[in-house]
Amino acid sequence: MVRLLATLLLSVAAGCKLTEVVNAPPGDPVIVVQSVLNAAALQQTVLVARSAAGDTTVGISGANVQLTDLDPRGCATPVEQLAEVAPGKYQSPSFCPLGSGDRLTLRVVMPDGHVVTGATRIPGIRSIVVRAGATTAQLPPAALAMDRTRDSLFVTVDLDRARALQIEAVRTTAGEDPTLSFATDTAFASIAGNLVDPAGDGRTIFRAGAYYRLTAAAMDTNYFDFVRSFTNPLTGRGFINHLGGALGVFGSVAPLTYELRVTAPQTDPREGVYHLTGRVAGAPVDVTWDVYGDPLLAASFRAFVDGQWLGVPVRTSANGNFGGTNFLGTMFNTTNTDKANPAFFLAGTRPPRGTPFPLLVRPATASGPMDTLTAVQVSGPP
């Protein structure tokens, strides 16, 4: 979210105690425009809003939003009017393919006639090497594997017309926010697999048993300045703004995306591979859950899920926990449009390894009948 000029300032009034806080009156509303063009996508989005109370914004409807590709390279529609798909959200269903060095402009005409302008040049990556543990990849698609207890992640790039490099890792299921997100003006980054999240609860950034979408992106100057600057709430200065007529950003990125599989040593007898078979909602299930405990939450685990779920091939991860001998799991939706939401809850009593046991499966919506799968732990530490 854009860091706006603060609408509530804290100041020390002359003659008052240093510990006394005086609330200044809120400032005037400002127009906020945000758009970061993605060179790897055809659909582009522009957000148009006005600042409101606190640090919130309200979308502005009825604006005229136009993108122009000044280097269209044969594209038939280099000038495109974006459609409003939600209040203040404007999208282009498709736009010219973007390449390194392309120049683009943004023009937004507000309902009252106020004009906002911006310009960006698409950055690029000439070459890249990504290494995690014993796995190395250059251009995607590629799968990487990392033991979070001993391995590190290394990214080396040769940037083209770019100001900086952005690294982001997002778990591909469970609706979690980016696990890792930072920008650097160097062409090299090294991240330890056991790095602790300084803004979190003392837990490591990467969790064993989870797949992550790892993205390395070239950033233009506008976007880099946006993410590295902020407004000082006392002076109102500090935010680096490249827009005319508004605050915000009109920038661009060129991302490359990889799959990262994070593991750790399995030392608890409850960890290991479980085989689940049967039918749920009338559809066949035949999957393995490769379970990894969380060292900082003794009963919690994550699991790689591979095989067939409801008759559809899956390669995802699930959450769960052990309550004594109980096995409790959460299976997430596997469709591209709804991966973040729970689909089913699983519950059973875990017997000794090698002994099959029933696993009740209940829809997360609490509607529909319960089904029963047969589960068995087929491998794990002694």
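**Cavity.** I searched the whole structure of this predicted model for enclosed space and got 1 cavity of 30 Å³ or more. About 30 Å³ of space lies in this largest cavity. I listed its lining: N222, F226, I240, N241, H242, L243, G248, V249 and F250. Two elements, α1 and β20, give two or more residues each to that lining. I noted β20 as the top contributor, with 3 residues. Sorting the cavity lining by class gave me 5 nonpolar, 4 polar and no charged residues.

**Pocket.** Next I looked up open space, and the largest pocket holds about 730 Å³. I find 21 residues lining it, with V36, Q166, E168, Y223 and F226 nearest its centre. The elements giving two or more residues to this lining are β3, β4 (44-51), β16, β19, α1 and β20. Which element gives the most to the lining of the largest pocket? I have β3 down for that, with 4 residues. By class I wrote 10 nonpolar, 8 polar and 3 charged for the pocket lining. One thing for the margin: F226 is in the cavity lining and is also among the residues nearest the pocket centre.

**Helix α1.** That sent me to α1, which runs over residues 221-228. Which of its residues are buried? I get N222, Y223, F224, D225 and F226. Then I checked what covers them, and the cover includes β3 (31-38), β11 (115-121), β16 (164-171), β17 (180-184), β19 (210-219) and β20 (247-263). I went back to N222 and F226, both in the cavity lining. They sit four places apart, and a reminder to myself fits here. In an α-helix there are 3.6 residues a turn, so residues three or four places apart point the same way.

**E259.** I stayed with β20 and picked E259, which lies in that strand. Is E259 buried, exposed or in between? Its relative accessible area is 23%, so I put E259 down as partly exposed. Leaving out neighbours within four places in sequence, I see E259 in contact with A142, A143, L144, Y211, Y212 and R315. I looked closer at R315: its side chain makes a polar contact with the side chain of E259, at 2.7 Å. I also took the C-alpha separation of E259 and A169, and got 9.4 Å for two residues 90 places apart along the chain.

**Backbone oddities.** I went through the peptide bonds and noted a cis one joining P140 and P141, with omega about 5 degrees. P141 is in the loop between β13 (135-137) and β14 (143-147). Then phi: R161 is not a glycine, yet its phi is positive, about 55 degrees. I placed R161 in the loop between β15 (152-160) and β16. A281 is another non-glycine with a positive phi of about 55 degrees, and I found it in the loop between β21 (272-280) and β22 (283-294). Is A281 buried or exposed? I have A281 as exposed, because its relative accessibility is 63%.

**Confidence.** Last, I looked up how far the prediction vouches for itself. Mean pLDDT for the protein is 87, and 86% of the residues reach 70 or more. Where is the pLDDT below 50? I marked residues 1-22 for that. Beyond near neighbours in sequence, this stretch still has 44 contacts in the model.

Conventions. Residues are numbered from 1 along each chain as its sequence is written. This is a predicted model: local features need pLDDT of at least 70, side-chain atom pairs count only at pLDDT 80 or more; totals for chains, interfaces and linings use all residues. Side-chain values use heavy atoms; hydrogens and water are left out. pLDDT is the predictor's confidence in each residue, from 0 to 100. Contact means heavy atoms within 4.5 Å. Buried means under 20% relative accessible area, exposed over 50%, partly exposed in between (1.4 Å probe, protein chains only). On a 1 Å grid over the protein atoms alone, a cavity is a set of points where a 1.4 Å probe fits but cannot get out, and a pocket is an open set with protein on both sides within 12 Å along at least five of seven lines; lining residues have an atom within 4 Å of a point. Grid points are joined across faces, edges and corners, and a volume is the space filled by probe spheres set on the points. Ala, Val, Leu, Ile, Met, Phe, Trp, Tyr, Cys and Pro count as nonpolar, Asp, Glu, Lys and Arg as charged, and the others, Gly among them, as polar. A polar contact is a pair of N or O atoms within 3.5 Å; within protein, one must be able to donate a hydrogen and the other to accept it, and residues adjacent in sequence count only if both atoms are side-chain atoms.
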